Amino acid sequence: MRKPAPTAVPILPVIAERWSPRAFDPEAVLTAEELAPLFEAARWAPSSANNQPWRYVYGHRGTEAFDRLLSCLSEGNRDYCRRASVLVIAATRTVRDNGKPNFHGGHDLGLSIGYMLLQAVSNGLAIHPMGGFDDERARELLGIPEHFAAWTAIAIGRYGDPALLSERHRAQETAPRERLPVSAIASEGHWPGSALE
Ligand SMILES: Cc1cc2nc3c(=O)[nH]c(=O)nc-3n(C[C@H](O)[C@H](O)[C@H](O)COP(=O)(O)O)c2cc1C
């Protein structure tokens, strides 16, 4: 299923085509060759001082690693992510080499994941980022060191049949895509929108 963004002006097709699907094909298997470009794209994101604070732990469906990753997700996310081909948990470095807090760690991880999302869409894959997971459980089960923090889970696979989804998730799957207008997020010389926002 496609859900292209109804953009106000033309943008890169891959950005308009990206969305966050839940209907993963439970039979689909991703090969290492299909997964490699996603981490390669993530690797080439820019980062503060080229610090590259992002780290990814992943597992293919049917493996013990996948089950561990799945067990970290919130119940609602687990419900549809069990059909994904690959699950990922993404972490970022919270401390710099000089011992100071890595203020841009979240920013840099988000950019890296953004690159991964676009590469996946460009390669015909379904991909969905999530914040709904237990980060402390992930730390324990995935061996995430103290100076890193798990920020995002990601489900990757091939698009499947929305009929497999729960009623709630099917409704989300077909809901129209919405965004604030550009006038509410960007403005020349002053804060966009009303003074209260
Ligand atoms: C940081 C982050 C956390 C998110 N958490 C969840 C989540 O826990 N469960 C979920 O189903 N979707 C989650 N999403 C997906 C968003 O709901 C989705 O990106 C948003 O509704 C916009 O829809 P679109 O991605 O289809 O354009 C998350 C997305 C981001 C970037």
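At what angle do helix α3 (residues 64-72) and helix α6 (residues 135-142) pack, and how far apart are their axes? The angle is about 160°, and the axes are 8 Å apart. Axes here are lines fitted to C-alpha atoms, for helices over the stretch in contact, and angles run from 0 to 180 degrees between N-to-C directions.

A quick word on what you're looking at: this is a predicted model, where local features need pLDDT of at least 70 and side-chain atom pairs count only at pLDDT 80 or more, while totals for chains, interfaces and linings use all residues. Residues are numbered from 1 along each chain as its sequence is written, and side-chain values use heavy atoms, with hydrogens and water left out. Helices (H or I, at least four residues) and strands (E, at least two) are DSSP runs, numbered from the N terminus.

## Two helix pairs

Back to α3 and α6. With that angle, the two helices are roughly antiparallel to each other; angles under 35 degrees count as roughly parallel, over 145 as roughly antiparallel, 65 to 115 as roughly perpendicular and the rest as oblique. The crossing of α3 past α6 is right-handed, meaning that the near helix is turned clockwise from the far one by less than a right angle (anticlockwise would be left-handed). On the α3 side, R68, L69, S71 and C72 make the contact, and they meet R137, A138, L141 and L142 of α6. Contact means heavy atoms within 4.5 Å. Sorted by class, the contact of α3 with α6 has five nonpolar residues, one polar and two charged. For that sorting, Ala, Val, Leu, Ile, Met, Phe, Trp, Tyr, Cys and Pro count as nonpolar, Asp, Glu, Lys and Arg as charged, and the others, Gly among them, as polar.

Then there's α2 with α5. Their axes come within 7 Å and cross at roughly 145°, and α2 also passes α5 in a right-handed crossing. From α2 the contact uses P37, L38, F39, A41 and A42, and from α5 it uses S112, Y115, M116, Q119 and A120. This contact of α2 with α5 divides into eight nonpolar and two polar residues, with no charged ones.

## Helix α5 and its surroundings

Helix α5 (residues 105-122) has 18 residues, which at 1.5 Å a residue should span 26 Å; the end C-alpha atoms are 26 Å apart, so the two agree. The expected span is 1.5 Å times one less than the number of residues.

Which residues of α5 are buried? They are G105, G106, D108, L109, S112, I113, M116, L117, A120 and V121. Buried means under 20% relative accessible area, exposed over 50%, and partly exposed in between (1.4 Å probe, protein chains only). The cover over these buried residues includes the helices α1 (13-17) and α2 (32-43), plus the strands β1 (54-60), β2 (86-93), β3 (126-130) and β4 (148-157). Just after α5, G124 takes a positive phi of about 80°.

## Loop residues worth a look

Here are some loop residues with their accessibility.

| Residue | Loop | Relative accessible area |
|---|---|---|
| W44 | between α2 and β1 | 58%, exposed |
| A49 | between α2 and β1 | 71%, exposed |
| Q52 | between α2 and β1 | 33%, partly exposed |
| G62 | between β1 and α3 | 72%, exposed |
| L164 | between β4 and α7 | 42%, partly exposed |

Backbone angles first: A49 has a positive phi of about 55° although it isn't a glycine. Q52, another residue other than glycine, has a positive phi near 45°.

Now for distances, C-alpha to C-alpha. W44 and A28 are 16 residues apart along the chain, and their C-alpha atoms are separated by 27 Å. G62 and V29 are 33 residues apart in sequence and 9.8 Å apart in space. L164 and F24 are 140 residues apart in sequence but 8.8 Å apart in space. L164 also touches P26 and R83, leaving out residues up to four places away in sequence.

## H169 in α7

H169 sits in helix α7 (residues 167-174). Is H169 buried or exposed? H169 is buried, with a relative accessible area of 3%. Not counting residues up to four places away in sequence, H169 touches R22, G76, D79 and Y80.
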